[in-house]
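This report describes the fold of a single protein chain, moving from its overall dimensions to selected elements. Please keep the structure open while reading.

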Amino acid sequence: MPSTARSTTSPGTHPPRVAALIGPYSSGKTSLFESLLCATGRIHRKGTIRDHNTVGDNNPQSRTREMSTELTCAQTTYLDEEWHFIDCPGSVDFAQDAREVAMICDVAIVVVDCDPARVMTAAPILKFLDRNRIPHLIFINKTDHAGVRLRDNIDALQSISERPLILREIPIRDGDGHDDAITGFVDIVSERAYQYLEGQPSKLITMPSALASREDEAREGLLETLADFDDDLLEQILEDQTPAPATIYDNLKQDLGRDLIVPVFFGSAEQDHGIIRLLKALRHEAPVADVCAHRLGVDPDDRKAIVQIFKTLHLSHAGRFCFGRVLSGGLKNGDALGADKLSGLCTIFADKHEKLDAARTGAIVGLPRVEHLRTGSLVATDGPIDSLWPDPLPPLYETGLEVTKPGDDVKLTEALRHLCEQDRSLSFTHNDSTGQLVLAGQGDIHLQCALAHLRDHYHLEITTTAVLTGYQETIRKPSSARGRYKKQTGGHGQFGDAAIELRPLGRGEGFDFSDHIVGGAIPRQYISAVEKGIRDGLRCGPLGFPVIDVAVKLVDGSYHTVDSSDQAFQMAGRIAIGEALGNAGPVLLEPVDRCTISIPSDFTSKAQRLVSTRRGQILGFNAKDGWQGWDEIDVQMPTSETADMVTELRSLTQGTGFFTRSYSHMQELTGKQADTIVTQQQKAGK
């Protein structure tokens with residue numbers, strides 16, 4: 001880590017701005033990230049995913065899997081203005097990082113593949129940006145391949161965007177066909193044409209005459225969309241006046257900042273096509289930091305430092321390390337953020353941290369050794385502020401965990417707590433009914449990376465197990481039994497005698513114990529011991545599972561003045577309940593979840609078949625509120641069927657489907673499947 005201190009202050013017109021690169025897996029975000037850093041002079045040679053030497057994939061899991069598994073920040077400058085670009089993972093397994101970054105960026109660059117068939121994978125991203133009113137533009141990547149039809153792509157994108165798309169440029173092709181290779185572009189606002197050059201900035205050329213009509217049509221569409229938000233511009237258009245380019249640029253900037261429009265650009269990150277054009281658009285049209293601050297509920301004040309925390313790490317050399325964006329005032333070493341005093345303020349370039357003297361409004365900063373800050377914290381010098389931060393993604397996939405070394409249990413719990421601070425879409429629980437430690441996240445790859453982190457950073461040896469289902473059992477009919485415990489030893493013996501009546505209760509009513517002893521058949525001091533013994537006996541019924549929804553009435557018994565004791569009556573209660581349960585028609589119960597499955601309407605029929613194959617019951621389905629072209633299916637499904645359902649759901653819906661779930665009730669399970677579960681449980685108990 002370099003020790004030279006520096007300030008983030010630059011002579012540019014604007015304070016530092018933040019652009020997030022967000023998009024589906026394999027759309028080319030990391031390649032675009034590399035191109036932007038190279039074009040701004042921050043790096044002098046581009047790396048590649050294939051060679052495992054990109055700035056964006058600097059951790060072992062990213063290199064091994066050839067995909068981003070965590071966010072990467074990089075500070076740079078373009079034309080004397082400071083920028084912080086953040087490359088976000090594209091896999092749905094790591095969507096939480098992209099959401100956290102989107103909340104603090106000034107503009108999100110949504111990178112999509114040029115194949116219209118893959119556009120649907122960007123739908124959840126665009127929905128999140130639209131719902132949180134985050135300014136964003138679209139960069140259609142990989143257009144250096146022949147056969148790219150931008151119009152088809154844009155039509156597909158418009159179908160999943162709540163905001164109108166504005167095409168900012170049209171392609172120049174190698175021939176007259178729509179499938180010919182793209183060799184340049186025409187900027188619709190400036191009406192200038194550029195030709196791509198290999199390894200060099202694009203070259204200004206004369207507008208091809210064949211494109212004049214298409215450029216006029218595209219420009220007219222752009223102006224009509226902008227006029228929907230500006231009465232003065234609408235009046236100019238109606239009077240057949242030609243708006244000045246400055247007027248158009250002003251409208252583009254204002255409307256983008258208000259999240260009213262989505263400008264669309266295209267290019268090829270690998271070939272550096274369209275990169276400078278994108279940078280110029282960002283420089284002139286991206287909102288400034290104040291817009292982000294107001295969106296997060298902050299009124300910027302130069303006299304008061306306010307920082308939004310958007311990422312938390314646990315580093316061996318820096319303790320709890322937070323990524324924060326300065327939304328108001330400025331920071332310097334020695335300042336306080338709530339209960340934490342700042343020391344070691346730094347700027348971030350991938351995994352390298354360069355010390356700072358001070359950071360001004362708009363900058364991304366690293367904050368080492370902060371014990372009271374967490375992702376989502378909005379904090380000022382005098383303490384925390386109420387935050388508008390969204391809730392984390394709900395868990396969709398689970399696995400059981402076991403340590404292989406005795407004594408590592410406590411260490412594992414602490415490591416999992418750190419891991420869940422780093423990624424809020426991870427969670428872990430100790431299941432009371434099964435005794436199992438369960439790690440939950442967004443998918444199989446997500447949990448695999450989490451386990452690799454536990455192994456590499458915390459040196460924990462962990463084995464994964466299938467998630468156990470919290471089966472229980474109950475009874476179908478009343479029964480009665482008498483438990484008699486008698487044991488004679490050299491001294492005092494043991495004697496307890498209790499008679500009970502057992503009956504079923506309604507589902508969800510739990511356990512009820514009542515005492516109907518008369519005439520002192522059992523002394524009052526032993527009644528609670530009988531109840532305790534009964535409760536112990538209900539922990540494992542005849543089928544091998546906890547017993548619920550039963551009522552027990554203590555009706556008779558006897559005692560010995562010398563040999564009776566609490567322990568003896570506990571044993572009597574346990575014997576009585578064991579016998580009564582065996583004669584009461586025990587039946588297996590399985591937990592059932594209430595799930596809401598969200599999918600694009602084109603995949604609704606496939607999702608319905610998935611529900612039926614997993615023993616689910618469809619309660620109804622409706623159009624998803626606020627999600628045009630999406631449906632919600634309300635279902636009840638056995639919990640055992642939901643633990644890995646997201647894998648199949650995603651494979652049926654191009655990776656876009658998701659669901660929420662919550663426990664609903666217990667229901668009877670009979671037949672061959674119940675017999676198999678009981679047999680397995682009995683074998684495991686031996």
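Two strands are taken to pair if DSSP finds at least two bridges between them. The description below applies this criterion to a predicted model.

## The sheet of β24, β25, β23 and β26

With that criterion, four strands make up an open sheet in the order β24-β25-β23-β26, and their pairing is antiparallel. The edge positions are held by β24 (427-430) and β26 (462-465); each has a single partner strand, so one side of each is left without a neighbour in the sheet. Between neighbouring strands of this sheet the average turn is 35°, direction ignored.

Within the sheet, β23 (residues 397-403) is joined to β26 by four bridges in the antiparallel sense. Glu 402 is found opposite Thr 463 of β26. A helix covers these strands: α11 (residues 409-422) lies across β23, β24, β25 (437-441) and β26, and runs at about 145° to β24.

## The sheet of β28, β29, β31 and β30

Another open sheet of four strands follows the order β28-β29-β31-β30, with mixed pairing. Here β28 (479-487) and β30 (511-515) are the edge strands; because each has a single partner strand, one side of each is left without a neighbour in the sheet. From one strand to the next, the twist averages 25°.

The antiparallel strands β29 (residues 494-504) and β31 (residues 550-558) are connected by eight bridges. In this pairing, Ile 500 stands opposite Leu 554 of β31.

Two helices are associated with this sheet. Helix α13 (residues 524-537) lies across β29, β30 and β31, at about 155° to β30. Helix α14 (residues 566-582) lies across β28, β29 and β31, and its direction is at about 35° to β29.

## Packing of α1 against α9

Helix α1 (residues 29-39) packs with helix α9 (residues 275-285) at an angle of about 75°, and their axes are 10 Å apart. The two helices are therefore roughly perpendicular to each other.

On the α1 side, the contact is formed by Leu 32, Ser 35, Leu 36 and Ala 39. These residues meet Ile 275, Ile 276, Leu 278 and Leu 279 of α9. By character, the residues of this contact comprise seven nonpolar, one polar and no charged.

## A buried asparagine in α5

Helix α5 (residues 150-158) contains Asn 153. Is this residue buried or exposed? Asn 153 counts as buried because its relative accessibility is 0%, and the cut-off for buried is under 20% relative accessible area.

Which residues contact Asn 153, leaving aside its neighbours within four places in sequence? The contacts are Val 112, Asp 113, Cys 114, Asp 115, Pro 116, Val 119 and Ile 140.

## The chain as a whole

The protein chain has 17 helices and 35 strands. Its C-alpha trace spans about 110 × 60 × 50 Å along the principal axes. The chain has 686 residues, of which 53% count as buried.

The accessible surface of the protein chain amounts to about 29,900 Å², and 48% of this belongs to carbon and sulfur atoms. Of the contacts between residues at least 6 apart in sequence, 73% join residues at least 24 apart.

Key:
Residues numbered from 1 in each chain as written. Predicted model: local features only at pLDDT ≥ 70, side-chain atom pairs only at ≥ 80, totals over all residues. Heavy atoms only, no water. Axes fitted to C-alpha atoms, helices over the stretch in contact; angles between N-to-C directions. Parallel < 35°, antiparallel > 145°, perpendicular 65-115°, else oblique. Contact = heavy atoms within 4.5 Å. Nonpolar A, V, L, I, M, F, W, Y, C, P; charged D, E, K, R; others polar. Buried < 20%, exposed > 50% of the residue type's maximum accessible area, 1.4 Å probe, protein only. Areas by Shrake-Rupley, 256 points an atom, 1.4 Å probe, with all protein chains shown as cover.
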